[in-house]
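Me: Could you take a close look at one part of this model for me, and tie it to what surrounds it? I'd like one connected walk-through rather than a list.

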Amino acid sequence: MSLTGKVYSLRRRLVALLVGVVASLWVASAIVAFQTAHGEADGLFDAQLVQVAETLLAIVVAGDASQIAHEMAEHQHAYQLPVAFQAWTRGKDGDWELLVRSAEMPEQLVSREKGFDEHDLEGRLWRFYAVDHDHGTYRVIVGQNHEARYRLAGEIALHMLVPILIGLPLMALGIWAVVGRALRPVAEVAAALGGLDARRLVRVTVPGPMPGEIAPLVRSLDALVERVGSVMENERRFTADAAHELRTPLAALKIQAQVAARSPDEAVRSHALTQVLSGVERMNHLVEQLLTLARLDPEAGLKADQRVELRGVAERVCVSLQREALGHGQTLEIDAPLPLWVAGNAWWLEVLVRNLVDNALRYSPAGGRVRVLVDASTGLLRVEDDGPGIPEEARAQMLTRFARGGEVDSDGCGLGLSIVARIAEILGARLTLRSGQCHSRGSVGLVVEVHFPVAGGNP
Amino acid sequence: MRILLVEDDRLLGDGLKAGLAGAGFRVEWVRDGEAALAALEAEHFTALVLDLGLPRRDGLSVLASLRAGGNGIPVLVLTARDQVADKIRGLDLGADDYMIKPFDLDELAARLRALLRRAAGRAEARLIHGDLVLDPAARVVTLQGGVVSLTSREFDLLRVLLEAAGRVLSRRVLEEQLYAWGDELDSNALEVHVHHLRRKLGSDLIRTVRGVGYRVDEVSR
């Protein structure tokens, strides 16, 4: 895993998001409140207009207009009525004559309609209510500047906005703290991971309860740690095993060399020197096999992308091992009537066949017989020997590194079958070990079969 | 000084057998754990050199069953494993000494001699009997300060007798200590060696216990 994108702070993002959402909700609700308040104020003020107009009309109809002006002025002063008014009467010629008006009102008729009307007056929006009496003898128009309504609605909206203006920073701080606290397990996991020793991987341990959102992350990490640990343990065991396997032949070389160096007996000396040579041979074989294993490592970069003809490989291997077989009085036969194309890599396949045949020869007695079969129709490679075989319960073990057939004398280093198993695994081939059918001298023999996934082009 | 060597590796076993024989030990060599237990059951050995990674029966298991059976034979363990935990386990199971492969032949021989000495309850490496001194490491015998020339068999016989000073050793025990399996052995070879020793060291050192065997008297130091 690597950080490919931009790194951002979850905490900062959460705070910004939450504060943004809350602020917009509040602003929206303030707008709604303003509109609602405005609507309510409209109703309220309209009712007031109607009431004042009716009252005025009653007074105008009943009495003296100058009295009204005086009273209204007082009235207005006492109750601070935010209301302006005109009272008109129809003259004898049918024109409207102004009886009385408040100071804000002009001397012209401000509304020709009965009922509510809205229009500008000296650059400001007013709402008027006109009421007539006695079939148009008297008319009273009351008006009110819209500002009053806006002011009221604005005040209501502001009352809602003020707490949020103070509250938002506090809320941001609170969210910052809460989010930080909620994210603490993440920091703890990070600390626990940072504290892991690469050479001694253990499960991630975090003190305290674990939130469900982070638990899967920790579980995945634990699983990864476990897998890496098991791979490392395998490698460690292999290194230890390899050291062990190298030490014994080294010890043998050293002791034999010491015997050769100091024995006064010529026969003992020459025997020891022969043994030194044979020990070097064996070390060489072991080192070769170890190198082969190392090259089978996926990191070595070899690919199984070639099409390889297996019959040719088997024939080459058999020819090259023929001399060794004859040297031990063994018979090495190959039965491969048709070419078999398999997907793989020429080197791997040769290593596989060579190890199988070499193993068969190593574990077969002098005078024994090793048979190699390549069956193109089923994609099968079979190597069969005369040796002691491997008991069924020990077969799986034999495929691991450094396991040897225990009962027999052999110079094998115990890597052959594990190399074969590894190559078969890489090539997707199936490896089976079983006993041979019928053999003399109590040895059951071993049959190793490799079933290849058959590539196209075979007959 | 008859040693049982248990080592499955053909080259190493062969080399150790030759090397230890050169250092004056009689070595019997077996190659698996079961054979080792069978040999220890059947015959007497003065020490056991035991490899741990053995077929058929693991070295540690051989050691454990040996100690469980009350066999106190000195055991020197050979192993390729150098982990401290492995060492501790080996020693706790009753190994007396521990050598990690690859090791030095001379050191192995010296440690074996030390093991045998401790097993005999001696701190002194040399065997001293009055004015007779036997040095097992140098394989030299001196009498009143003068070196006495002995054959290898005579030296080994004298050592076995001196180590068991005060006890009677039967002919069979002596022969087992002196001859490896497969060595040719004529019926009166032992008498011949005793005769030579008496001639070189004085006739009163080795006493014949009729019908039983031979004995060297204990001397107070």
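Reply: First a word on terms: helices and strands here are DSSP runs, numbered from the N terminus, with at least four residues (H or I) for a helix and at least two (E) for a strand. With that in hand, let's start from B:Arg56, which sits in the loop between β3 and α3 of chain B. Keep in mind that this is a predicted model.

How exposed is that arginine? B:Arg56 has 16 C-beta neighbours inside 10 Å, so it counts as partly exposed; the buried label would take 20 or more, and the exposed one 12 or fewer. Its C-alpha atom is 6.5 Å from that of B:Glu34, although the two are 22 residues apart along the chain.

Now step back to the strand before the loop. β3(B) covers residues 47-51 and is joined to β4(B), residues 75-79, by 4 bridges, with the two strands running parallel. Across that pairing, B:Asp51 stands opposite B:Leu78. Both strands belong to an open sheet of 5 strands in chain B, paired in parallel and ordered β2-β1-β3-β4-β5. β2 (26-30) and β5 (97-100) stand at the edges; each has a single partner strand, so one side of each has no neighbour in the sheet. On average, neighbouring strands of this sheet are turned by 20° against each other, ignoring direction.

On the other end of the loop is α3(B), residues 59-68. This helix lies across β1 (2-6), β3 and β4 of chain B, and runs at about 150° to β3(B). You can follow the packing through B:Leu50: beyond its neighbours within four places in sequence, its contacts are B:Val6, B:Gly59, B:Val62, B:Leu63, B:Val75, B:Val77 and B:Leu78.

B:Leu50 also leads us into the largest nonpolar core, which has 45 residues; B:Leu50 is among those with the most contacts inside it, along with B:Ile3, B:Leu4, B:Val6 and B:Val49. Which element gives this core its largest share? That is α5(A), with 6 residues. There is also a second, separate core of 41 residues, and A:Trp348, A:Leu352, A:Ile390 and A:Leu431 are included in it.

Since α5(A) has come up, here is the contact between the chains. Chain A puts in 23 residues and chain B 18. On the chain A side, α5 (215-262) and α6 (266-295) each supply at least two residues, and α5(A) gives the most, with 14. Sorted by class, the chain A side has 9 nonpolar, 9 polar and 5 charged residues.

Back in chain B, the wider setting is 8 helices and 12 strands. Of its 221 residues, 37% are buried. Among contacts between residues at least 6 apart in sequence, 59% join residues at least 24 apart.

For a contrast with the parallel sheet, try β11 (206-209) and β12 (213-216) of chain B, which run antiparallel and are joined by 4 bridges. They form a hairpin with 3 residues between them, and B:Gly211 in the turn has a positive phi of about 80°. B:Arg207 has B:Arg215 as its bridge partner in β12(B).

Chain A has an antiparallel pair too: 4 bridges join β6(A), residues 306-309, to β8(A), with A:Gln306 partnered by A:Gly344. Along β8(A), residues 341-344, A:Val342 and A:Gly344 point to one face and are buried, whereas A:Trp341 and A:Ala343 point to the other and are not.

Technical notes:
Residues numbered from 1 in each chain as written. Chains lettered and ligands numbered in written order. Predicted model: local features only at pLDDT ≥ 70, side-chain atom pairs only at ≥ 80, totals over all residues. Pairing = 2+ DSSP bridges. Contact = placed C-beta atoms within 7 Å. Axes fitted to C-alpha atoms, helices over the stretch in contact; angles between N-to-C directions. Nonpolar A, V, L, I, M, F, W, Y, C, P; charged D, E, K, R; others polar. Core = buried A, V, L, I, M, F, W, Y, C linked by C-beta atoms within 7 Å.
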